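User: I have a structure open and would like to go through it piece by piece. Can we start?
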Amino acid sequence: MSEQTTPSTRPIDTLGLSSTDRVGNFAGNAQLPIAPAATRTETDSLGAMQVPADAYWGVHTARALENFPIAKRPISVFPELIVALACVKQAAARANAEIGVLDQHKADIIDRVCQEIIDGAWHEQFVVGVIQGGAGTSTNMNANEVIANRCLELMGHAKGSYEHMHPIDDVNKSQSTNDTYPTAVKLSLAFALPHLLTELGLLRDAFNAKGEEFKHILKVGRTQLQDAVPMTLGQEFHGFGTTLGEDYDRLTETVWMLSEINLGATAIGTGITADPRYREAAVRHLAAISGLDITSAPDLIEATSDAGGFMSFSGTLKRSAIKLSKISNDLRLLSSGPQAGLGEINLPAQQAGSSIMPGKVNPVIPEAVSQVAYAIAGNDVTVTMAAEGGQLQLNAFEPVIAYSLLQGISWLAQACMTLRVNCVVGITANVERLEGMVASSVGVITALIPFIGYGPAAELAKQALKTGRPVADLVVEAGLMTKEDVLRELSPAKISGMDSE
């Protein structure tokens, strides 16, 4: 390792693109002079590379930046993943020191640096792209190098002086990417899930609150987009809250899918290069560090090659997203108009809806939520294909699984938040329109069948459709029921079933 100032036509940046790439993107591929940058030389099995002198990452990360300029998003966009990686490395250091295979002083410094990362420091140094080949090796090496170089700094040595603290021999001791990376991904999902559950719970509560607010407002129910029997607007909104509550429960249950890990498996599940005592110690320390109820997989060979848990988690996430999109579609239908549509409810106006039609306001919040659901559905297909694509003793496609799931959790949480804050809490009922539709609906006669019979009810329904007159008036005129009896049976409490609760 040496530090020097060298002119370079391909300095590495944190998005995996060289400056010349960026110049080409924005300046028609014209090559502009690039200022010299201070670098240090690092070497791996493929040879030497120049690394920015102030970078905490090293040669392995530098190669990944050149190889995978794909997503233009570094792994640091998911802080839960960075924290999870640090938790795994911290647990490994503690376990290695406990069983006597790593010097206690080195273990303590690694432990300290991992805690710094857990507390939020150095995340910007995790620069490799979220989409990468190698089953997560680039991510693991990025973590090893950042931790090693920060340790060297604390020890009073220059970055890259790996004879004093080595990224692989010390930080990665008793580990392989093939057990540390999937373990970190599972932890990151478990860390990210509470935020989604919080937002989903708040959205559920907001719908239930609207259900209470609208509980006495009658409306026409619909099946297959055709008029059906009456209900209350409150029942409709309470139904939205109930279905979101079910998804809250199902997502909560997925934590068990994330609790079984293969740490200690090393390369393929045999535990090669790791002391036999390491597995138990590492899992125990990781459980204490993460606060999660972590267990070791009973078959490390199977656990290292199988991605079924990720697929099940993805399916549950997709279920929640699709049901939320269905609710968003219902909100758009109920608010359609305002003059030529259903117009039963009013969504808060959030922005101008057209650059050509004055006064037009669109249901932009539900539209955005549905687009999130479509993306998550697509991500579920990606996770499914990636899980199927694993071969023999390892699944090489876990980086795209991690990206798909972490992005889905983040987007769905934010979708729940914006739907609640910018839409649901401000919804109002168009009471006069609802009353008018109920009064003219022939569906209300269904509630009177126990008193007048199906045959007479069907005849009066036809007459109401032909004349446009209210069904209640026709029933009274036919002498089948008194006005008082009709009004009682068609009251919100009776017609919605609330008086029997």
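User: How do strand β2 and strand β3 pair?
Analyst: Strand β2 (residues 37-44) and strand β3 (residues 47-52) pair in the antiparallel sense, over six bridges. Two strands count as paired if DSSP finds at least two bridges between them. Strands (E, at least two residues) and helices (H or I, at least four) are DSSP runs, numbered from the N terminus.
User: What joins β2 to β3?
Analyst: A hairpin, through two residues. One bridge pairs R40 with V51 in β3.
User: Is this a predicted model, and what gets counted?
Analyst: This is a predicted model: local features need pLDDT of at least 70, side-chain atom pairs count only at pLDDT 80 or more, and totals for chains, interfaces and linings use all residues. Residues are numbered from 1 along each chain as its sequence is written, and side-chain values use heavy atoms, with hydrogens and water left out.
User: What is the mean pLDDT of the protein chain?
Analyst: The mean is 89, and 91% of the residues reach 70 or more. pLDDT is the predictor's confidence in each residue, from 0 to 100.
User: Where does pLDDT stay under 50?
Analyst: Over residues 1-36, for which the model has 63 contacts beyond four places in sequence. Contact means heavy atoms within 4.5 Å.
User: Back to strands. How many bridges join β4 to β5?
Analyst: Five, between strand β4 (residues 218-223) and strand β5 (residues 226-232), which run antiparallel. They form a hairpin with two residues between them, and Q224 in the turn has a positive phi of about 55°. R222 stands opposite D227 in β5.
User: Now the inside. How many residues has the largest nonpolar core?
Analyst: It has 115 residues, and those with the most contacts inside it include F207, F237, L331 and L419. A nonpolar core is a set of buried Ala, Val, Leu, Ile, Met, Phe, Trp, Tyr and Cys residues joined through side-chain atoms within 4.5 Å. Buried means under 20% relative accessible area, exposed over 50%, and partly exposed in between (1.4 Å probe, protein chains only).
User: Which helix gives the most to this core?
Analyst: Helix α7 (residues 177-213), with 14 residues. Apart from this core lies another, of 18 residues, among them A461, L474, V475 and I495.
User: What is F207 in contact with?
Analyst: Leaving aside neighbours within four places in sequence, the partners of F207 include F237, F240, L244, I327, L331 and L419.
User: T183 lies in α7 too. Buried or exposed?
Analyst: T183 counts as buried, because its relative accessibility is 0%. Its side chain makes a polar contact with the side chain of N262 (3.4 Å). A polar contact is a pair of N or O atoms within 3.5 Å; within protein, one must be able to donate a hydrogen and the other to accept it, and residues adjacent in sequence count only if both atoms are side-chain atoms. Beyond four places in sequence, T183 also touches others, including V88 and L286.
User: And where does S161 lie?
Analyst: In the loop between α5 (137-155) and α6 (167-171). S161 is buried, with a relative accessible area of 9%, and its side chain reaches the backbone oxygen of A158 at 2.9 Å.
User: Last topic, the whole chain. How many helices and strands?
Analyst: The protein chain has 20 helices and nine strands. Buried residues make up 49% of its 501 residues, and the C-alpha trace spans about 100 × 55 × 35 Å along its principal axes.
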